[in-house]
Amino acid sequence: MSVEPASLRDGFPLLAATPELHYLDSAATSQMHCLALDAVVRHETTRRANVSRGTYRLAEAADLAYEQARQTAARFLNASSADEVIFTSGATASLNLVAHAFGATLGRGDRVVISVAEHHSNFVPWQMLRERTGVELALIPVTAAGQLDLARLPELIDGRCRLVAVTQCSNVTGAWTDVATVVAAARKVGARVLLDGAQAVQHGPQDVRAMGVDFYAFSGHKCFGPGGVGVLWGRGELLAAMPPFLGGGGMIAAVTAEETTWAAPPQRFEAGTPPIAQAVGLAAALDWMMNLDWPQIHAGEARLCERLIEGLRRIPGLRLLGPEASARRAPIVSFEIAGLHPHDICQVLDARQLALRGGHHCAQPLLAALGAEACTRASIALYNDEADIAALLDGLGFVLRELA
Ligand code: PLP
C-alpha cells in the first residue's frame, strides 16, 4: 500500500483539528492515530472487563482482545512467539524490568555495558543495579558527533560482560546505533544485548530476530498509540530463566502461606491489572504502521531533516549536536544557540505555534560529553511536512531578533 506522507496528518485527530500547529516534538510523544484512539474507545465501550480472571462472555472478549494485541506486537517485532511479549507501562518500565529480573541473575564480578548516549531510563536502572548487587557498570563513550565509539567495544565487552544495554537511536542526536557490530561483540563473549527501541519504533516495524538482540523495549506513546503502555520483548528461554520483577495478582502459579510459585512468561512479568485498553489501542497503531510504505516515509523524513539542518547551518551562533545530515540518522535534530537558553527559545517558538522541546532531554551524560548543558530539539515524524520546517526556520529568525 502506498501512502503520501503529506496526507498522513489527516489521520491524527489533534493535528487535523489544529492545522496551525507545527508539532516537532514526536521524540517526546508522537501524536495518536485515529485508529488507535477508536480502538481504545471501542474496547472501553464494548469489551471493558479485567483480563485473565473472568469466565463471563464480556471478560472473555476482553481476554481475546488483549491476547490479540500481544500477537500484533509480536508480529510488529517479528518475535517467534507472542509469549515473548510482555505489556508494561512503557519503555522505562520495560528497562527497569530487565534491570531487576535479568539483573537478579548478576552479581559481583559481572559487568553490564551501557553507553554514554543512553536516555536516563537506560542509565539509572543500571546504576541502581550496581548499588544493589555490586555489578560493574562500564560505559561506551561517544564520538564528537554523538555516535557510539565502536572502537572501544573489544576492551569493554570482555569475558566479564553479561549484558550490553544500548539505545537503538539517540533521543538527542538521532544517531542510529550500529546494532550488528554491538551484537557481534556481545556474542563473541556470550553476553546478552538489550536494545532500547523507544526512538526507533516510530520509524517502522522492527525485526528482533534479524537484529539478533535478546531484549527489546519500547513505549506506545512514541509510535502513534496510547500512553501508559509499552512492550518488553525477550527471548523465550531467557524470560523463562528470570525471576519476576513485581509480585501480585496474575503472575503466580500457586500461593500458599509459605511460598509462591511463578506463572510462565509473559504472565510472570505482568503483575496486577495490565493496561488493557491501552494495549488494544497500541495494537491498532502497530497494525496501521505495518501497512505503511516505509521506504517512502523514510525518504520524506530524511528530506525534511536535511532541509532543516541546511537551514540551521545558516544561523549565526548556532551549534548542531550530532551526526551530519548524510549520516545514518533519525530525523531528530538538536542545537544550541550561543547566549540563549533552550526554554526561552521554545517559549518564543510556542507563540508561533511551534512545539519543540528544550532542556537536557533526560540524557545528561550525553549532553555533558557533547559539551552542552541543554539544547533545543526538533523531532520530525511521518506527519510533518515542508511547512513545519519553513515555520521553524522562520521562527528561529524571529527568536534571534527578539532575544539575541
Ligand atoms: N529511551 C529513550 C531513548 C527515550 O527517548 C525515552 C523517552 O524519551 C525512553 C527510553 C523512556 O520512554 P518512556 O518515558 O515512554 O518510558
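The following dialogue walks through the ligand site and the two domains of a predicted model.

Student: What should I know about the model before reading its values?

Tutor: Local features need pLDDT of at least 70, side-chain atom pairs count only at pLDDT 80 or more, and totals for chains, interfaces and linings use all residues. Side-chain values use heavy atoms, with hydrogens and water left out, and residues are numbered from 1 along each chain as its sequence is written.

Student: How many nonpolar, polar and charged residues does the shell around the ligand have?

Tutor: The residues around the ligand, that is, those with a heavy atom within 4 Å of it, include A91, H119, D196 and K222. Ala, Val, Leu, Ile, Met, Phe, Trp, Tyr, Cys and Pro count as nonpolar, Asp, Glu, Lys and Arg as charged, and the others, Gly among them, as polar. By that grouping the shell has 2 nonpolar, 8 polar and 2 charged residues.

Student: How far is a polar side-chain atom of T92 from an oxygen atom of the ligand?

Tutor: In the side chain of H119, an N or O atom is 3.3 Å from a ligand oxygen, while for S219 the corresponding distance is 2.6 Å. For T92, the distance from a polar side-chain atom to a ligand oxygen is 2.6 Å.

Student: How many salt bridges does the rule find across the interface of domain 1 and domain 2?

Tutor: The domain assignment, automatic or from a database, gives domain 1 as 5–24 + 293–403 and domain 2 as 37–289. Their C-alpha centres lie 28 Å apart. A salt bridge needs a side-chain nitrogen of Lys or Arg within 4 Å of a carboxyl oxygen of Asp or Glu, and across this interface the number found is 0.

Key
Polar contact = N/O pair within 3.5 Å; in protein donor to acceptor, adjacent residues only side chain to side chain.
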